[in-house]
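Biologist: I would like to learn how to read packed helices and pockets in a model such as this one. Could we begin with what the handedness of a crossing means?

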Amino acid sequence: MAELRSVAPSFVVLGPSGVAVRDRLKHLTPEDEKVLRLVGEHMGSLASKDLKVRCADGLEHSTDTWAARKRELTPVSSSRWAGSITRATHDQWALARRGQSAHIRNLEAGIHMLRHRLSLPIGEKGSQRAAGGYRSKQEWFAKTRRLHVLQGRLDAARTDHEAGRVRVVRGGRRLMNTRHNLAAAQLTEEQWRAHWDTARWFLQADGESGKQFGNETIRVNPDGEVSIKLPAPLACLANSRHGRYTLSSRVAFAHRGAEWADRVETNRAIAYRIHHDVSRGRWYLTASWQRPVVQTVPLATALAHGVIGVDTNADHLAAWRLDVHGNPIGEPRRFFYDLTGTANHRDAQIRHALTRLLHWAKQCGVTAIAVEDLDFAAEKTREKHGRKHRFRQLISGMPTGKLRARLVSMAAEAGVSIIAVDPAYTSKWGAQHWQKPLASKNRKTSRHDAASIAIGRRALGHPIRRRTTPPPQHQSDAAGHRTVQARPGTRGHEETRPRFPGPRIRSVPPGRGTNAGDQNTQNRSGRSAEHEFWHQDSLPLSL
C-alpha cells in the first residue's frame, strides 16, 4: 500500500505588496507625441547598452560596477534617469536568472522521469502516483534518444548558470520570433517594426520619498498635470523651467484616485511609466507604489464566520459555503470563465469570475475563502503523461498563478482573507465522502463541488471525512466520541435522540400517538407473542 504524503498546514495568504493604477493621456498634441518618442528612443538605446554591460559582468557584478555604469549614463541623461535604468537592468537580469533556474529544474524532472520509465519493462502499467513503462520498443528507443537530447540541454544550461550567463531580449523574445511569422500574426513588416521599436523604449522613473510629488523625473501634480525631466541631449525641447517638458494632457485616476492623491500631497514615492499602445494609437500613464507589510489576520479570526471552499478548474470555479463546524450550507455555486482568445480577454474573464465570487462572499457574511495552493510544477512535464495531450493541455490551461494573484489583490480590497490549503487528496477524498451523500433528485453534486467541501474543511482544521473511525472496543464509545461535529464538553452529546409524543402522520389527530412506541399497550389482535404465555387450543372431539 502506498504511503500517503503529509499534509501541510493551512495559512492566511499575505496581501499585495504593491498597487498600480493607469489612466489614458488624452488630447496630446503632435509636439507632445514627438517629444515622448524622442525621449523613449534615446533612453531605450541607453537601456540596451547598459543591459549588455550587465550581462557581460555576470556573477562579477558588485556595487562598484553598478556605480560605474551609473556614472557613464549620467552625462547623457541625468542622475535619476541613470538610476532608473540601472535598477531596471538589474531586475531584468535577475528575472532571467530565475527563469534559467526554473528551466534547469524542469530539465532535471524530465530526465528523472525518463530514466524511471526506461527502467521499467515494456508495457508495464502505471498508477495514479507513478507512470508506467512505455508501450512498445519503438517508443522506448525514441525516448532513449530524447534522454540524450535533454541531457545535452541540461549540461549547457548548467554551464551558463555556473558562469552567470543569461540570454535576455529587450522587447520580448515572443515579439522577436513574430518577425519570422508575420503572415500568421497578420502583421506587415512596418507594423511589426512599430511594435518592436515601441517595446524597446524606456519611459519609466522610480519614485523618491521626500521629493516634490514623489518623483522628480516624471512628475504628476495633484491637478493631474504631467511633466518630464528631459535628458541632457534633448534639453533644447523643454517648454518649462529647469529643463522640463509639460504635456498638454491631464490625468485623473478613477481607481484609487484618493489614495494616489494622498501620496502626492505628502510627497511619498510614486513610480510612473508611460506606455504607447501601437494598435490603438493611444498613450497611457501607469502609477505604482509599494504598500507597507501589514500583519495578516489570524487564522481563527478569519474563520470565525465560516469559510467558502473553492475548487479551481479549467473553465469554472466550484464553490460551497461551510459553517464553522465544517457542514455545507445552502447550494453549491459555480462561476464560469472562458480562457480562449487573447490574453486581455482571458484576464477579463478571470476578473469577472472572481468579482462574482467576492460579491457572493460579502452577501453571505463570510470573511474567508479557502483555495488550493496549486502550481502543477511536476504535473506539466511532457515526460510523465506522454500521449495524454488533452490532459496536459487541461492542466496547462488552468490559470493557477494569475488567478491566485488576482484573487489576493481583489480580496484585500473587499476585506476578505484568502486561506491556502494543501491540495493533497482533496478531489479524491471529497468525492469519496461527500459527493454521494449530498446528491439528490433535484441536485447533482459533481466531483468538483465535493472537492470544494474538502478544501473548506481542511481550512477549518476538520478532517475531510464526514465521521471519524469508530473506536476499536466493540464499536463503542469507550475510546472517545465518534463524531467530529459535537465536542466532548457538549451536554447530551452521548444521548440518543429524544422521543417526542405525538403522531408521525398528519392525518392522525393530536394526542393519539402517545403510546405508539409500545405495541403491547394497544388493544390489537396482533400483539407480540413474546410478552404473554403461549398455549395450544384443544382439538374438537367431533373430528
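Modeller: A crossing is called left-handed if the near helix is turned anticlockwise from the far one by less than a right angle, and right-handed if the turn is clockwise. With that in mind, and remembering that this is a predicted model, one can say that α3 passes α4 in a left-handed crossing. The residues of the contact of α3 with α4 divide into 10 nonpolar, seven polar and eight charged.

Biologist: At what angle do α3 and α4 pack, and how far apart are their axes?

Modeller: In general, two packed helices are described by the angle between their axes and the distance between the axes. Here α3 and helix α4, residues 137-163, pack at about 150 degrees, with their axes 9 Å apart. Angles over 145 degrees count as roughly antiparallel, so α3 is roughly antiparallel to α4.

Biologist: How does α1 pass α3, in a left-handed or a right-handed crossing?

Modeller: The crossing of α1 with α3 is right-handed; the two helices pack at an angle of about 50 degrees, with their axes 9 Å apart, and they are therefore oblique to each other. On the α1 side the contact includes V39, M43, L46 and D50, and these and other residues of α1 meet a set in α3 that includes W81, I85, H90 and W93. By class, the residues of this contact of α1 with α3 are nine nonpolar, four polar and two charged.

Biologist: What is the angle between α14 and α15?

Modeller: Helix α14, residues 426-435, and helix α15, residues 447-460, pack at about 105 degrees, with their axes 7 Å apart, and that angle makes α14 roughly perpendicular to α15. Among the residues making the contact are W429, G430 and W434 of α14, together with A450, I453 and R457 of α15. The residues of the contact of α14 with α15 comprise eight nonpolar, four polar and four charged.

Biologist: Turning to empty space, how much of it lies in the second largest pocket, and which residues are closest to its centre?

Modeller: The general idea is that rolling a probe the size of a water molecule over the atoms shows where empty space is left. In this structure the second largest pocket holds about 1,100 Å³ of space, and of the 31 residues that line this pocket, A199, R273, H275, H276 and D277 are the closest to its centre.

Biologist: Which element gives the most to that lining?

Modeller: β7 gives the most, with five residues, while the elements that give two or more residues to the lining of the second largest pocket include α1, α3 and α10. By class, this lining has 12 nonpolar, 12 polar and seven charged residues.

Note on methods: Residues numbered from 1 in each chain as written. Predicted model: local features only at pLDDT ≥ 70, side-chain atom pairs only at ≥ 80, totals over all residues. Heavy atoms only, no water. 1 Å grid on protein atoms, 1.4 Å probe; cavity = no way out; pocket = protein on both sides within 12 Å on 5 of 7 lines; lining within 4 Å. Points joined across faces, edges and corners; volume = space filled by probe spheres on them. Helix = DSSP H or I, 4+ residues; strand = E, 2+ residues; numbered from the N terminus. Nonpolar A, V, L, I, M, F, W, Y, C, P; charged D, E, K, R; others polar. Axes fitted to C-alpha atoms, helices over the stretch in contact; angles between N-to-C directions. Parallel < 35°, antiparallel > 145°, perpendicular 65-115°, else oblique. Contact = heavy atoms within 4.5 Å.
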